[in-house]
Amino acid sequence: MRWLSPLARGFVVFSAGGCGRGCGGPAMFYAVRRGRRTGVFLSWNECREQVNRFPAARFKKFATEDEAWAFVRNSASPGGSEGPSPGDHVVVYTDGCCSSNGRKRARAGIGVYWGPGHPLNVGIRLPGRQTNQRAEIHAACKAIEQAKAQNISRLALYTDSMFTINGITNWVQGWKRNGWRTSAGKDVINKEDFMALDRLAQDMDIQWLHVPGHSGFVGNEEADRLARDGAKQCAD
């Protein structure tokens with residue numbers, strides 16, 4: 001891969017050589033600061049899907065994950081800054097998992113990933129009822145709790161759970177108007193969990209962003225790993 005001269009309108013363009021991971025060469029990390037989806041990817045093909053024909057795309061290849069995340073977050077990185085970031089939200093990935101979901105011996109865990117080696121990265125066993133949906137919701141809750149403890153008020157929260165995103169961004173207001181009942185008059189499933197998430201999200205500027213699970217996003221893969229580690233722990 002080699003740099004080409006930046007084009008007009010702020011494009012940064014690459015010419016890609018090789019096929020990314022799986023070719024036997026050293027692992028590389030493809031950072032997308034501005035594209036259809038931002039984050040760190042493990043192959044050029046996955047990166048290209050986010051930036052091809054995307055106006056003013058910003059992306060770069062790195063030899064280490066630390067450097068890639070620094071670029072995504074607009075931190076100083078080798079080669080200098082690429083200019084202003086589209087926003088100043090702190091990026092976090094969350095995930096929940098549950099083995100034997102819906103069965104008697106279900107084990108659920110939550111994972112929160114802030115970046116490589118970050119002290120706030122956590123994987124813990126989900127307390128209470130063991131389900132995948134509860135794990136997804138409470139992973140987001142944990143990330144917001146951590147953000148508030150660090151005085152972070154602007155959060156870009158990536159999750160592969162559209163159920164969580166739709167619940168907190170679309171459905172919650174209607175549920176509250178209906179006394180936490182659905183339009184059919186039934187109790188909202190995961191009512192207590194969404195109530196907790198709604199309380200935590202107050203006074204926070206949160207961008208709720210969907211990321212496809214197991215699709216090469218390093219942050220999502222790491223949050224999933226942490227969640228699976230958490231599910232192996234003993235329940236409180």
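Here is a friendly conversation about a predicted model, going through its cores, sheets and aromatic rings.

Student: Let's begin with the inside of the protein. How many residues does the largest nonpolar core have, and which helix gives the largest share?

Tutor: The largest nonpolar core has 28 residues. Helices H3, H4 and H5 and strands S9 and S10 each supply at least two residues of this core. The largest share, six residues, comes from H3.

Student: Is there a second core, separate from that one, and how many residues are in it?

Tutor: Good thing to check! A second, separate core includes Ala31, Ala156, Val211 and Ala223. In general, nonpolar side chains in soluble globular proteins tend to be buried together. The number of residues in this second core is 27.

Student: Leu155 caught my eye. Which residues of helix H3 (132–149) does Leu155 contact?

Tutor: Leu155 is among the residues with the most contacts inside the largest core. Leaving aside neighbours within four places in sequence, its contacts include His89, Trp114, Met204 and Ile206. H3 spans 132–149, and the contacts of Leu155 that fall in that span are Ala143, Ile144 and Ala147.

Student: Now helix H5. Which parts of the structure are included in what covers its buried residues?

Tutor: The buried residues in H5 are Asp193, Phe194, Ala196, Leu197, Asp198, Leu200 and Ala201. H5 is followed by Asp203, whose phi is positive, near 65°. What covers the buried residues of H5 includes H3, H4 and S10.

Student: On to the strands. Is S7 mostly covered or mostly open, and which residue of S8 stands opposite Gly109?

Tutor: Strand S7, residues 107–113, is mostly covered, with six of its seven residues buried. S7 pairs with S6 in the antiparallel sense over seven bridges, and there Ala108 is the bridge partner of Cys98. Four bridges also join S7 to S8, again antiparallel. Opposite Gly109 in S8 stands Arg125.

Student: There is also an open sheet of three strands. What is their order, and which are the edge strands?

Tutor: The order is S4-S3-S5, with antiparallel pairing. From one strand to the next the twist averages 25°. Each edge strand pairs on one side only, and these strands are S4 (39–41) and S5 (58–62).

Student: How do helices H1 and H2 sit on that sheet, and what angle does each make with S3?

Tutor: Within the sheet, S3 is joined to S5 by five bridges, and Val32 stands opposite Phe59. Helix H1, residues 44–51, packs on the sheet and touches S3, S4 and S5. Helix H2, residues 65–72, also packs on the sheet, touching S3, S4 and S5. The direction of H1 makes an angle with that of S3 of about 10°, and for H2 the angle is about 10°.

Student: What kind of aromatic pair do Trp44 and Phe59 make?

Tutor: The structure holds twelve aromatic pairs. The ring centres of Trp44 and Phe59 are 6.1 Å apart. Trp44 lies in helix H1 and Phe59 in strand S5, so the pair ties together parts that are 15 residues apart in sequence. The planes are at 35°, so the pair is tilted.

Student: Last one! Which residue has its charged end over the ring of Phe71?

Tutor: Elsewhere, ring pairs link Phe163, Trp171, Trp175, Trp180 and Phe194 into a cluster. At Phe71, a charged end sits over the ring, 4.1 Å from its centre. That charged end belongs to Arg33.

Note on methods. Residues numbered from 1 in each chain as written. Predicted model: local features only at pLDDT ≥ 70, side-chain atom pairs only at ≥ 80, totals over all residues. Heavy atoms only, no water. Core = buried A, V, L, I, M, F, W, Y, C linked by side-chain atoms within 4.5 Å. Buried < 20%, exposed > 50% of the residue type's maximum accessible area, 1.4 Å probe, protein only. Contact = heavy atoms within 4.5 Å. Pairing = 2+ DSSP bridges. Axes fitted to C-alpha atoms, helices over the stretch in contact; angles between N-to-C directions. Phe/Tyr/Trp six-rings, centres within 6.5 Å; stacked < 30°, edge-to-face > 60°. Lys NZ or Arg CZ within 6 Å of the ring centre and 35° of its normal.
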